[in-house]
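Open your viewer and keep the sequence panel beside it. We will go from stop to stop, selecting as we go.

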Amino acid sequence: MSEEQEKREPEEIDIISDDEQLYDKDGQLVLPKDILPFTLPVLPLIDQPLFPMLTVPMIIDNKVTKKMIIEVNKLKDKKIALFFKKPNTSNKKSVSDIKLDELYEIGVIGDIVHLNVPPDAHAPIQVVINIGHRIRAIQEVSCDPYLIARVEFLQKNYIENDNNLKAYTVAVIKCIKELIKLNPLHKEDLSIFMSHSSLNEPGRLADIAAALTTASGAELQEVLEELDIKERLSKVLILLKNEIDISKIQAKISKKVEDNMNKQQREFFLREQLKMIKNELGISKDGKEADVDIFNKRLKKLKLTKEAKEKYQEELQKFNIIEQHSPEFTVTRNYLDWLTSIPWGVHSKDNLDLRKAETILNEDHYGLEDVKERILEFLAVGINKGEISGTILCLVGAPGVGKTSLGQSIARSLGRKFYRFSVGGAKDEAEIKGHRRTYIGAMPGKFIQALKTCKTANPVIMLDEIDKISKSYNGDPASALLEVLDPEQNSDFLDHYIDVRFDLSNVFFICTANQLDTIPRPLLDRMEVIELAGYIQEEKVEIAKKYLIPKALGSAGLKSSKFRITNAALNNMISGYAREPGVRTLDKQIKKACRKVAKRFILNKKLKNLSLTKKNLKDFLGEPKYNDEELYKEEIPGVVMGLAWTSLGGVTLYIEANKINTGTSAFKQTGQLGNVMIESSQIAYSYIQSIFDDNEDMREFFKNSAIHMHVPAGATRKDGPSAGITMALALYSLATGKAVRKNIAMTGELSLTGRVLPIGGVKEKTIAAKRASVSDIILPKSNEKDYAEIPDYIRDGLKAHFVSHFDDVLKITGI
């Protein structure tokens with residue numbers, strides 16, 4: 001507080017207020033400046049300004065502001081100035097940091113009439129302030145520890161008999177009455193005004209009316225700053241009109257909500273009454289009885305085991321005793337629902353017609369003759385037994401070779417329901433064997449869910465991506481599958497949720513995988529593996545014509561008469577854009593072409609038909625992914641083509657060897673080779689050196705040269721022993737300077753003594769050689785029987801050479 005304010009005290013005279021004028025008890029006009037201080041502490045207002053002659057309660061928690069209020073309350077003159085903060089100033093500032101130039105110039109004076117300070121110094125204080133006259137801030141006196149400003153007091157007289165002023169006053173009162181009808185909460189505020197004022201005080205009426213509205217702080221500040229009574233009433237009238245419109249909308253919304261609530265309550269009471277009437281007449285049952293009837297009705301169609309019947313009766317007794325509002329009620333009801341939804345003893349009739357099964361497999365799939373033969377053999381065994389049970393197949397092959405569709409065809413040929421779910425990425429054992437009922441949201445495992453969906457106990461269930469199953473702290477799903485996929489155990493499969501043994505021996509299980517390496521060995525031992533090697537170009541052409549093109553035309557809304565793909569274009573599409581073993585990429589390319597054709601037909605209405613040819617193929621599909629140009633246009637010493645197997649099928653790859661004259665012997669390998677492949681290269685290097693042990697020139701060659709071996713496509717990791725003879729031949733070719741023919745490819749593991757050992761993936765590698773237009777392939781002698789099992793149409797155009805020693809490789813290649 002300034003010394004001037006502390007010294008200056010108001011005169012002790014009785015004051016009678018009339019709007020913004022003050023009179024003493026003798027009726028003499030007294031000016032505010034004669035009795036009120038000029039310098040006051042400032043309390044900034046954040047939300048909205050305050051109007052004269054109102055009583056306002058406040059809660060203050062700012063430390064500096066609390067200090068100011070407490071100090072002022074100790075004075076005999078308990079007055080403060082209240083100014084509204086300008087909206088364009090920062091909202092992040094504390095109240096105590098606000099300067100005078102951040103506040104509006106016009107405010108009000110306030111008188112502290114009550115202060116409640118709690119014992120806790122950190123708790124907010126409660127203060128009641130009587131709002132006095134309008135004031136104007138002139139100058140900032142101090143801002144430490146809180147804001148103090150010099151102010152002046154504003155006065156404005158009005159003409160008592162002004163008819164316009166009376167009209168404004170009557171209009172404002174009329175709006176206030178209408179507003180009270182819409183919002184009764186304002187009635188008390190108006191009663192307070194009428195008890196202290198009359199219609200002859202339009203200035204105070206305008207202030208009170210403005211305070212009744214929910215207008216913005218800036219709009220209310222305009223009213224506060226307006227000293228002309230007529231203009232003030234005019235502005236207030238606009239705010240009241242807006243407030244009435246808002247109140248009408250609120251009332252309309254409230255009525256809609258209330259009507260809706262009343263309707264719902266009425267319907268609720270009527271339903272309850274109807275339920276009681278039906279119960280009295282015996283024509284209705286409560287929810288629990290209805291559920292029991294549903295469960296018993298289901299049970300009549302099922303053939304439960306003795307264990308399942310006992311469990312059902314036990315849970316049903318518990319269900320009848322439990323109150324419906326108990327949490328256990330829902331748990332028990334859900335369990336009984338699942339128990340009676342499982343197809344106990346319900347089997348679909350198998351179609352034991354081998355010729356029909358063969359017809360369906362041929363309709364759905366082109367090629368894969370060996371795979372179809374294996375499947376028909378399994379079905380034939382089941383037909384001889386009179387039932388197909390205990391069968392677990394594992395279809396292994398690259399993506400897009402038809403594993404899933406084969407499973408669907410098997411189900412269709414048997415006349416069984418088909419259910420597929422993926423176990424790829426499964427980490428929780430509960431997905432296989434279910435959750436225990438003690439857990440919230442517990443459910444049975446996937447196999448019980450499959451049986452409920454299929455409504456038979458002998459469906460065809462496909463476990464997709466079984467090679468990608470994983471494990472975590474929640475358990476090992478692969479271990480849980482051991483019970484399911486073991487014909488000796490799955491007749492007593494126990495799901496943790498159902499907790500009753502169920503016979504899965506009649507289920508036909510089919511698993512799919514891209515590779516066998518990642519499948520746990522105990523799990524793999526329980527399955528009969530059928531490998532799908534992939535398709536050659538001729539097969540892909542026929543598959544595209546018979547299946548993919550008609551399907552793509554239908555999905556694009558095209559007709560075969562308006563768009564066709566020529567044979568040349570189809571062959572180029574396969575060789576340039578879709579060389580993968582499967583047909584998924586080919587399907588995508590055909591659909592891409594169909595989409596572009598559909599767009600052309602939409603944009604060009606005059607276009608009647610269109611053909612995809614070899615010439616315009618790039619216009620539809622862009623540049624080819626695979627270039628037909630050979631990596632090596634001429635034969636180079638040290639470069640040999642090899643054959644490799646990957647999880648995506650067979651591929652061709654080149655082995656390159658080059659020398660650097662360093663005067664010292666060295667050997668290094670690059671191309672992201674795995675440990676086994678590095679060992680194969682070291683064996684090849686040692687063996688080739690041993691061949692030339694009696695050749696002085698060759699000994700000098702290896703003694704003074706650093707040999708660098710590289711396998712292109714360095715971004716792809718490669719591993720396996722089957723590149724042994726290819727690496728050895730590349731080193732031999734480099735040392736002798738003799739190039740190997742371009743149209744020959746080979747595969748085989750090499751021992752340190754030069755023996756050629758057997759390898760795997762013969763069919764996939766043969767298909768890769770056929771795809772690369774190779775004329776001769778070299779295979780280990782031990783794999784001759786595997787090659788003989790490959791269909792003739794794949795071997796056509798290929799000349800196979802079988803070798804047992806590296807010397808045979810040299811004779812065949814002629815170097």
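Contact means heavy atoms within 4.5 Å. Helices (H or I, at least four residues) and strands (E, at least two) are DSSP runs, numbered from the N terminus. This is a predicted model, where local features need pLDDT of at least 70, side-chain atom pairs count only at pLDDT 80 or more, and totals for chains, interfaces and linings use all residues. Residues are numbered from 1 along each chain as its sequence is written, and side-chain values use heavy atoms, with hydrogens and water left out.

**Stop one: a helix and its cover**

Select residues 584–603. This is helix α21, with 20 residues. From first C-alpha to last, α21 reaches 29 Å, close to the expected 28 Å (1.5 Å times one less than its number of residues). Which residues of α21 are buried (under 20% relative accessible area, where exposed is over 50% and partly exposed is in between, with a 1.4 Å probe and protein chains only)? They are L586, D587, Q589, I590, A593, C594, V597, A598 and F601. An α-helix has 3.6 residues a turn, so residues three or four places apart point the same way. Now show what covers the buried residues of α21: the cover includes α19 (537–556), β17 (563–565), α20 (567–577), β18 (610–612) and α22 (617–621).

**Stop two: a mostly covered helix**

Select residues 202–212, helix α6. Here 10 of the 11 residues are buried. Among them are P202, R204, D207 and L212.

**Stop three: paired strands**

Two strands pair if DSSP finds at least two bridges between them. Select β6 (79–84) and β7 (106–116): they run antiparallel, joined by four bridges. Find I80; its bridge partner in β7 is G110. Next add β8 (125–142). Nine bridges join β7 to β8, again antiparallel. Click V108, then its partner in β8, R134.

**Stop four: the nonpolar cores**

A nonpolar core is a set of buried Ala, Val, Leu, Ile, Met, Phe, Trp, Tyr and Cys residues joined through side-chain atoms within 4.5 Å. The largest has 54 residues, and I466, L481, L485, F509 and M527 have the most contacts inside it. Select I466. Beyond its neighbours within four places in sequence, I466 touches residues including V423, L481, C511 and M527. Another core, of 52 residues, lies apart from the largest and includes I375, I510, F620 and L621.

**Last stop: cysteines**

How many disulfides (pairs of cysteine sulfur atoms within 2.5 Å) does the structure hold? Zero. For C511, the nearest cysteine sulfur is that of C394, 5.6 Å away. C511 is buried, at 0% relative accessible area. C143 is partly exposed, at 37%.

Methods
Disulfide = S-S within 2.5 Å.
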